[in-house]
Amino acid sequence: MRLGRIFFTALVVLTLGAAITVAAASAATAHVGGPAGPAGAAPIAQAAGQQQCAEPYSTTRDPANPLALPVAPGSNPLQGAKFFVNGPAHGVAAKAIAQAVGLNPALEPDSESWAAFANRLTTGPLAGKLAANAGLANKVRQLSKIAAEPEVQRVSAFSRGGKRGGVFLQTQKLLCKNIAADPGSVPILNTYFLNPAAGHCPRPRAIRAASATFKRRVNEFVDAIDLRPVVLLLETDSIGTSSCVQRVGSLGIWESLLRYEISKATGLPHAVVYTEAGYSDANSVGYTARVLNAIGVRRIRGFYTNDTHLNWTINEVRWANKVSARTGRVHYIVNTGQSGAGPLLNKHPRRQGIENLCNPPGRALGPRPTTNTGFALADAWLWTSPPGNSSGCGGGPPAASFWVARAVGLAARANGRLGPGFPSQPY
């Protein structure tokens, strides 16, 4: 797995957006008691700007309905949630469609929803353009399979150039500006702070040196969310790639930082939180459960799997069920973004890693995002990053770039089956 992990660590690097204007002061951040970062520093909310839009939510968490949904969800807190679907101004697949039909996404309003934009494609000049060009029409049809689904929003160590306050501002942009494309929806946010802060396979000294910056970014992230309902997918690849950290004697301090992030996230009154747990073809069930227990997974809803891999969904379910059995029967989410054809296995797994993770050809969209998984402990299938994002190798564009040709191929081969022997699911 070593080479594959390195390649896909590159995939999750994402720099988002331009700076937004700091709005008038608000006392809303006081509700979560956000820490001030390094000793003597100004509070994050003062350094980066106060809350920039209204957040009319209670300071009290309802354990039966943590996302403050209009209808209580029952045993699965995600059930019935309307997850954020991006529009053509910011959604990666929707933007690609706009560009394909001759529009400039930068001129599209933040408030234009995917549904409204999709309707524009069926009438008037845009419909005529598609009717006259079968190739273009097919491209739009395939990309629409991705654009129509919830888009997980990544906040990383690279947000706003990695500067102090950048995570706060980027998170506020997503929650105050981008959300205008789908008002009333619940955003799904993914973090990537730890791996880029400490570097690949860091030794204890390197992790300690990165700790203050990591904690500051976590604090900014939590302060920016404040009272808003969100689903959090914490720390891409943090446990999946941690066996190397274990080998160099850094696992204890690595776990302490993950424990810190979980602790801060539990202070959010309307967040449902999952932490990354790896993939079924990497670390063992025992190792994964041991790390999850060490970082406090029982304090949150559970974990998510397959985040940077393409394993069959059923393999992830079987593995996750075993991990859950050793972690107090916590729940989980499986990434199904590129699992429709399963993984492309390497010929020399000891040297190359089990899976080819370098923009492997012939892959397909997997099961659509849903909370109706049919498995008691599986809260949802989600696409934890946009299908079509490049891993930065294998002939593709730079890491995290949306590669339109790859996205079209994934969509054209879309197959929602769970694994070998399971029926195909039409798209």
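Which element gives the largest share of the lining of the largest cavity? The answer is α3, from which 3 residues of that lining come. The structure described here is a predicted model, and the sections below take up its cavities, its sheet and one buried asparagine.

## Cavities

The predicted structure holds 2 cavities of 30 Å³ or more, and the largest cavity contains about 110 Å³ of space. The lining of this largest cavity is made by 15 residues, and those closest to its centre are Ile146, Glu149, Pro150, Glu151 and Pro386. Two or more residues of the lining are given by each of the elements α3 (92-100) and α6 (134-147), with α3 providing the largest share.

By residue class, the lining of the largest cavity divides into 10 nonpolar, 3 polar and 2 charged residues. Rolling a probe the size of a water molecule over the atoms is what shows where such empty space is left.

## The sheet

An open sheet of 7 strands runs in the order β1-β2-β3-β4-β5-β6-β7, and its pairing is parallel. At the edges stand β1 (153-156) and β7 (378-382), each of which pairs on one side only, while the twist from one strand to the next averages 25 degrees. Strands of a sheet pair through backbone hydrogen bonds, and that pairing may be either parallel or antiparallel.

At the β1 edge, 4 bridges join β1 to the parallel strand β2 (residues 188-192), and within this pair arginine 154 stands opposite asparagine 190 of β2.

## Strand β4 and its partners

Strand β4 (residues 271-276) is mostly covered, since 6 of its 6 residues are buried, a term that means under 20% relative accessible area. With strand β3 (residues 230-234), β4 shares 5 bridges in a parallel arrangement, and here leucine 232 stands opposite valine 273 in β4.

Strand β4 is also joined to strand β5 (residues 302-305), again running parallel, by 3 bridges. In this second pairing, threonine 275 has phenylalanine 303 of β5 as its bridge partner.

## Asparagine 86

Asparagine 86 is found in the loop between α2 (44-48) and α3. Is asparagine 86 counted as buried or exposed? Its relative accessibility is 3%, so asparagine 86 counts as buried, the cut-off for that term being under 20%.

Leaving aside neighbours within four places in sequence, asparagine 86 is in contact with Gly91, Ala94, Trp114, Ala147, Glu151, Gln153, Asn178 and Ala181. One of these contacts, Glu151, is also listed among the residues closest to the centre of the largest cavity.

Conventions. Residues numbered from 1 in each chain as written. Predicted model: local features only at pLDDT ≥ 70, side-chain atom pairs only at ≥ 80, totals over all residues. Heavy atoms only, no water. 1 Å grid on protein atoms, 1.4 Å probe; cavity = no way out; pocket = protein on both sides within 12 Å on 5 of 7 lines; lining within 4 Å. Points joined across faces, edges and corners; volume = space filled by probe spheres on them. Nonpolar A, V, L, I, M, F, W, Y, C, P; charged D, E, K, R; others polar. Pairing = 2+ DSSP bridges. Axes fitted to C-alpha atoms, helices over the stretch in contact; angles between N-to-C directions. Buried < 20%, exposed > 50% of the residue type's maximum accessible area, 1.4 Å probe, protein only. Contact = heavy atoms within 4.5 Å.
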